[in-house]
Amino acid sequence: MAEAANHPERVWVTGANGLIGSHLIHLAKSSVPAWQVVPIVRAAFDLTDSRAVVTAFQKERPKLIIHCAALSRSPECQANPKLAHEINVEVTKFLADLATDISFIFFSTDLVFNGQQGNYVETDKPNPLSVYAETKVMAERHVLRNPHHTVIRTSLNAGPSLQGDRGMDEQMLSALREGKALNLFTDEFRTPIPAEETARAVWQLAQQKAKGVYHVAGAERLSRWQIGELMCERYPQYRSQIHATSLSTYQGAPRSPDTSLNCAKAQAKLPFVLPKFSEWWRQRAKSEL
Ligand SMILES: NC(=O)c1ccc[n+]([C@@H]2O[C@H](COP(=O)([O-])OP(=O)(O)OC[C@H]3O[C@@H](n4cnc5c(N)ncnc54)[C@H](OP(=O)(O)O)[C@@H]3O)[C@@H](O)[C@H]2O)c1
């Protein structure tokens with residue numbers, strides 16, 4: 001980490017080795033060339049170690065924190081609500097309070113909604129159904145007490161990750177490669193987006209000092225089944241392993257049927273069009289041939 005303090009445009013990106021954080025770091029040079037972007041990774045310090053966080057903050061004096069670090073997998077949060085609360089709520093509160101006088105961007109999720117409506121706008125009322133989503137709603141409420149702070153709600157993010165297992169497409173493909181059968185809902189909808197485009201949009205919003213809540217997701221509402229079909233266009237050898245199923249036959253923890261996000265508010269601030277997932281995926285498949 002750099003030693004000098006008071007750099008005018010130093011930015012912290014927490015969770016910088018994660019899917020979205022790594023894309024923010026990768027795009028920093030081209031998106032915000034004048035800014036000094038500092039990746040904050042667990043190996044440097046654990047974000048639950050508040051003393052280490054304060055020491056680093058006082059030394060570095062960032063002007064913006066983009067907070068990507070989280071317990072981001074819903075089943076893990078469901079299995080360990082205490083840890084989910086500590087990382088997703090307490091760490092976020094602590095960082096947001098530390099950032100009282102600077103900009104702060106917090107990543108939240110489309111799953112804050114119960115999915116009964118779809119095409120959600122920023123002013124729709126959150127109604128979380130899972131531990132993961134509950135922790136995000138609690139953290140959002142704290143962040144938004146500061147009128148200068150920002151919440152980005154995104155949907156399923158795809159694309160390459162440093163570990164090879166964080167992108168939504170990477171996870172589906174690795175299950176298929178392991179020979180697993182995937183039961184995919186035809187009636188559960190999201191607005192998937194490549195993580196690279198999420199990162200590109202967030203750098204734009206950061207430069208414009210956009211405050212409040214923004215939805216940043218793909219421009220296309222797709223069911224889990226449609227996403228699986230797209231995967232199999234590129235990898236037809238796995239077609240026999242994907243099976244269409246309906247939420248009406250599902251038994252388990254509650255699921256949100258349609259958490260598609262309306263991104264018009266963010267789109268109005270962006271100099272590029274938020275992509276349709278299918279177009280991105282097909283383009284990528286073509287470029288790999
Ligand atoms: N990806 C999606 O589809 C999606 C969708 C909606 C919302 N979001 C939200 O967007 C944000 C970024 O997501 P992502 O997919 O990039 O997540 P990710 O790949 O799971 O990355 C999260 C990062 O946080 C780090 N981290 C967790 N606890 C930490 C701690 N106590 N101290 C230091 N680092 C810690 C992890 O480090 P380790 O690698 O060492 O564990 C990991 O690098 C998250 O808030 C997530 O909830 C993501």
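How many bridges pair strand 1 with strand 2, and in which sense do the two run? Select residues 10-14 for strand 1 and 36-40 for strand 2. They pair in the parallel sense, over five bridges. To see one pair of partners, click R10, which stands opposite Q36 in strand 2. Before you go on, keep in mind that this is a predicted model.

**Stop 1: the sheet**

Now bring up the rest of the sheet. It is an open sheet of six strands, and the order across it is 2-1-3-4-5-10, with parallel pairing. At the edges you'll find strand 2 and strand 10, each of which pairs on one side only. Ignoring direction, neighbouring strands here are turned by 20 degrees against each other on average.

**Stop 2: strand 4**

Select residues 103-109, which make up strand 4. Is this strand mostly covered or mostly open? Mostly covered: seven of its seven residues are buried. Show the side chains next. In a regular strand, side chains alternate between the two faces of the sheet. Here S103, I105, F107 and T109 point one way, while F104, F106 and S108 point the other way, and all of them are buried.

Add residues 64-67 to your selection to see strand 3, which is joined to strand 4 by four bridges and runs parallel to it. One place to look is L64, whose bridge partner in strand 4 is S103.

**Stop 3: strand 5**

Next, select residues 150-154. This is strand 5, and five of its five residues are buried, so the strand is largely enclosed by the rest of the structure. With side chains on, T150, I152 and T154 point one way and V151 and R153 the other.

What does strand 5 pair with? Strand 4 is one partner, in the parallel sense over five bridges. Click T109 and you'll find it opposite T154 in strand 5. F107 has its bridge partner in strand 5 too: I152.

Strand 10, residues 212-216, is another partner, again running parallel and joined to strand 5 by five bridges. I152 turns up here as well, standing opposite Y214 in strand 10.

**Stop 4: over the top with helix 5**

How does the chain get from strand 4 to strand 5? Follow the backbone through helix 5, residues 131-143; this β-α-β crossover is right-handed. Helix 5 packs on the sheet, where it touches strand 4 and strand 5, and its direction makes about 155 degrees with that of strand 4.

On the way, pause at N119, in the loop between strand 4 and helix 5. This residue has a positive phi of about 50 degrees although it is not a glycine. N119 is partly exposed, because its relative accessible area of 47% lies between 20% and 50%.

**Stop 5: two pairs of helices**

Keep helix 5 on screen and add residues 81-98, which form helix 4. The axes of helix 4 and helix 5 are 9 Å apart, and the helices pack at an angle of about 15 degrees. An angle under 35 degrees counts as roughly parallel, so that is what these two helices are. Helix 4 passes helix 5 in a right-handed crossing. To see where they meet, select residues including P81, A84 and H85 in helix 4 and V131, Y132 and T135 in helix 5.

For a second pair, select helix 1 (residues 19-31) and helix 7 (residues 195-207). Are they parallel or oblique to each other? Their axes come within 8 Å and cross at roughly 55 degrees, so the two helices are oblique. The crossing of helix 1 past helix 7 is right-handed. Among the residues making the contact are L19, I20 and H23 of helix 1 and A195, E196 and W203 of helix 7.

**Stop 6: out in the loops**

From helix 7, move along to K209, in the loop between helix 7 and strand 10. Its phi is near 55 degrees, a positive value in a residue other than glycine. K209 is exposed, with a relative accessible area of 57%.

Finish at G252, in the loop between strand 12 (242-245) and helix 9 (264-267). G252 is exposed too, with a relative accessible area of 57%. Try your distance tool from its C-alpha atom to that of N146: the two are separated by 37 Å, and the residues are 106 apart along the chain.

Conventions. Residues numbered from 1 in each chain as written. Predicted model: local features only at pLDDT ≥ 70, side-chain atom pairs only at ≥ 80, totals over all residues. Heavy atoms only, no water. Buried < 20%, exposed > 50% of the residue type's maximum accessible area, 1.4 Å probe, protein only. Pairing = 2+ DSSP bridges. Right-handed = clockwise from strand over helix to strand, strands pointing away. Axes fitted to C-alpha atoms, helices over the stretch in contact; angles between N-to-C directions. Parallel < 35°, antiparallel > 145°, perpendicular 65-115°, else oblique. Left-handed = near helix turned anticlockwise from the far one by under 90°. Contact = heavy atoms within 4.5 Å.
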